[in-house]
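Welcome! Please take a moment to look over the sequence and the model, and then we will walk through some of the contacts together.

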Amino acid sequence: MRIAVGGIEHETNTFAVDTFGLTTAADFIQRRGDGLARLRGVRSYIGGMYAAADAAGHEIVPCLFALAQPSGTIEAASYEAMADELVADVKAALPVDAVVLDMHGAGVVEGLADLEADLASRVRAVIGPNVGLVCTLDLHGNITQAMADVLDLMLGVHEYPHVDMYERGVEVIEALPHLVDGEWQPVTHVERLPLLLPTSTTFGGPAGDIRDACLAAESHPDVIDCTFFHGFPYTDVPHVGASVVVTTNADPDLARRVAAAVATTVWDRRDDFRAESLTPEIALRRAVSVAARGGPVVVNETSDNPGGGTPGDATHLLRAMIEMGIADEVERVVFGCIYDPAVATQAHDAGVGATIEVRLGGKHDDLHGAPIEGSAYVKTLTDGEFVFSSPMLAGARSRWGPTVRLQMGGAGGLDVIVTSWRSQVFDREIFELCGIDVDRWDLIVLKSSQHFRAGFADIASEIITADSPGLTTLDITVFDHTSADGPRWPVDPGTHWTGSPSQ
Ligand SMILES: [Zn+2]
């Protein structure tokens, strides 16, 4: 089998345009040719696709794959250029048996609210109706029936942290023979819910229960896939919200019934998804008392999660740590990471052992706090290169650029890791790179909403979430969803949903 693989993957936080401006092609890591093949062995969607294709003897024809960190709305001209290149690549690859796209589900372009439906339609236009067209998706996608209608099969991850990206990549390739042979005649129903969910791990809780309900539904011989999409609430589009997407073999009524049943469970349990918002001060006080009984305790600043489109340089939590003198209360405490390439470069220029005057973080906007000013001792310098070990991204090479471990206030002060790449923390590797063995530390403070759990759940004595002002705050009600095609719970607590009357 000959399979074209490519895609454009972006989780668009439309509220982040004020912070970053529009996202342009230059913000995307664009892989072509061998660049795609180098994802072999990585625990990502495309890593899984290669593994399955290699095992079955399929040929993958690489097309453009563009991936950017979550950020603001994509500039129209940049999207046009990337989409044109991808479509030209698919055209050049013909004849193929199938096209596989790696997409997110919450991509938004200037003047185009549904990137995925648009991109898939463009590909469909050049391959015609008889070539398989399938994709992988992130469960944070805001899914539309328009996407489902143009694609033969959409497989979203079931897990958050997304530890099953690789498995979904495998599955989408293994589905192709069934499609191409005509054994499967997939029909997909998208059951949209008027529901905006805060970040919700599937490592337990209601999201874990509903993941289990989806997997149970898949035991029916005619249910090809059942996925609960949490949706991405930090996007102002008509179709923002959670959904349940079910694909069956030629049975639209079954797809509708299964999706409605799971969606009803989601709706009935919506109160269980409410998250506790702790201020930095309260979260840190709790962490200090737990750390006294045994660490490492992990505190995550969910409101500044670069993996949801934030600047990664919020200073609210770090400032609270400094003001409460946490380094005097907890012996081994580290804050990692804060994104500030200027300070990282300044430290590299000064060298190990120097003490420098810094204005750290808080450089993108007012929402995420003001820069922290003071002296800092340069403890460790690194090139920021490491390989992830988390089950979510194991094997992926990371190049975060000049990275430094500072000690705030002077030698022996609070340890802070400063990077030149805007990213959430996934696992222990960035700490190890800077000489910190997290197992032996009492308190680890990091920026991430849920993905860090894949790397830290096994070692943390407790995880405590801090929610300061930020573009990924748990308090979704602060965002103005003026484009939504109806009321959304919990922004509008009186929102009703009684099944899928219109679909
Ligand atoms: Zn996601």
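Why does the arrangement of the 4 donor atoms around the zinc ion count as irregular? Keep in mind as we go that this is a predicted model. The angles that the donor atoms subtend run from 55 to 142°, and that makes the arrangement irregular. To count as tetrahedral, four donors would need all angles between 85 and 135 degrees.

Let us see who the donors are. The zinc ion is coordinated by D138, which appears twice through OD atoms, by H140 through ND1 and by H162 through NE2, at 2.1 to 2.5 Å. Along the sequence, the donor residues follow the spacing D-x1-H-x21-H. D138 and H162 link distant parts of the chain, as they are 24 residues apart. You can find D138 in the loop between β5 (132-137) and α6 (145-150), and H162 in the loop between β6 (153-156) and α7 (165-180). D138 counts as buried because its relative accessibility is 8%. H162 is buried too, with a relative accessible area of 2%.

Next come the charged side chains. A search of the whole structure finds 27 salt bridges, and a few of them are worth visiting. R122 pairs with D84, with 3.7 Å between the closest N and O atoms. Because R122 lies in helix α5 (residues 115-127) and D84 in helix α4 (residues 76-93), this salt bridge ties together parts that are 38 residues apart in sequence. Both ends are partly exposed: R122 has a relative accessibility of 22%, and D84 has one of 47%. These two residues also belong to a network of salt bridges that links E80, D84, D118 and R122.

Helix α5 turns up again in the salt bridge between D152 and R124, where the closest N and O atoms are 3.1 Å apart. D152 sits in the loop between α6 and β6 while R124 sits in helix α5, so the pair ties together parts that are 28 residues apart in sequence. Here D152 is partly exposed at 23% relative accessibility, whereas R124 is buried at 16%.

A salt bridge can also stay within one helix, as E171 and R168 show: both lie in helix α7, 3 residues apart, which is about one turn of the helix. Their closest N and O atoms are 2.6 Å apart. E171 counts as partly exposed at 29% relative accessibility, but R168 is buried, with a relative accessible area of 2%.

Now turn to the aromatic rings, where the count comes to 10 aromatic pairs. In one of them, the ring centres of F232 and Y234 lie 5.3 Å apart and the planes meet at 75°, so the pair is edge-to-face. F232 is buried at 5% relative accessible area, and Y234 counts as buried at 5% as well. F431 and F456 also form an edge-to-face pair, with 6.2 Å from centre to centre and 90° between the planes. Since F431 lies in helix α14 (residues 429-433) and F456 in helix α15 (residues 453-456), this pair ties together parts that are 25 residues apart in sequence. F431 is buried, with a relative accessible area of 0%, and F456 is buried at 0% too.

Two more sights finish the tour. F15, F232, Y234 and F479 form one aromatic cluster. Elsewhere, R270 lies over the face of W267, at 4.1 Å from the ring centre.

Key: Residues numbered from 1 in each chain as written. Predicted model: local features only at pLDDT ≥ 70, side-chain atom pairs only at ≥ 80, totals over all residues. Heavy atoms only, no water. Donors = N, O, S within 2.8 Å, 3.2 Å for Na, K, Ca; no water. Tetrahedral: all angles 85-135°; square planar, octahedral: opposite > 155°, others 65-115°. Helix = DSSP H or I, 4+ residues; strand = E, 2+ residues; numbered from the N terminus. Buried < 20%, exposed > 50% of the residue type's maximum accessible area, 1.4 Å probe, protein only. Salt bridge = Lys/Arg side-chain N within 4 Å of Asp/Glu carboxyl O. Phe/Tyr/Trp six-rings, centres within 6.5 Å; stacked < 30°, edge-to-face > 60°. Lys NZ or Arg CZ within 6 Å of the ring centre and 35° of its normal.
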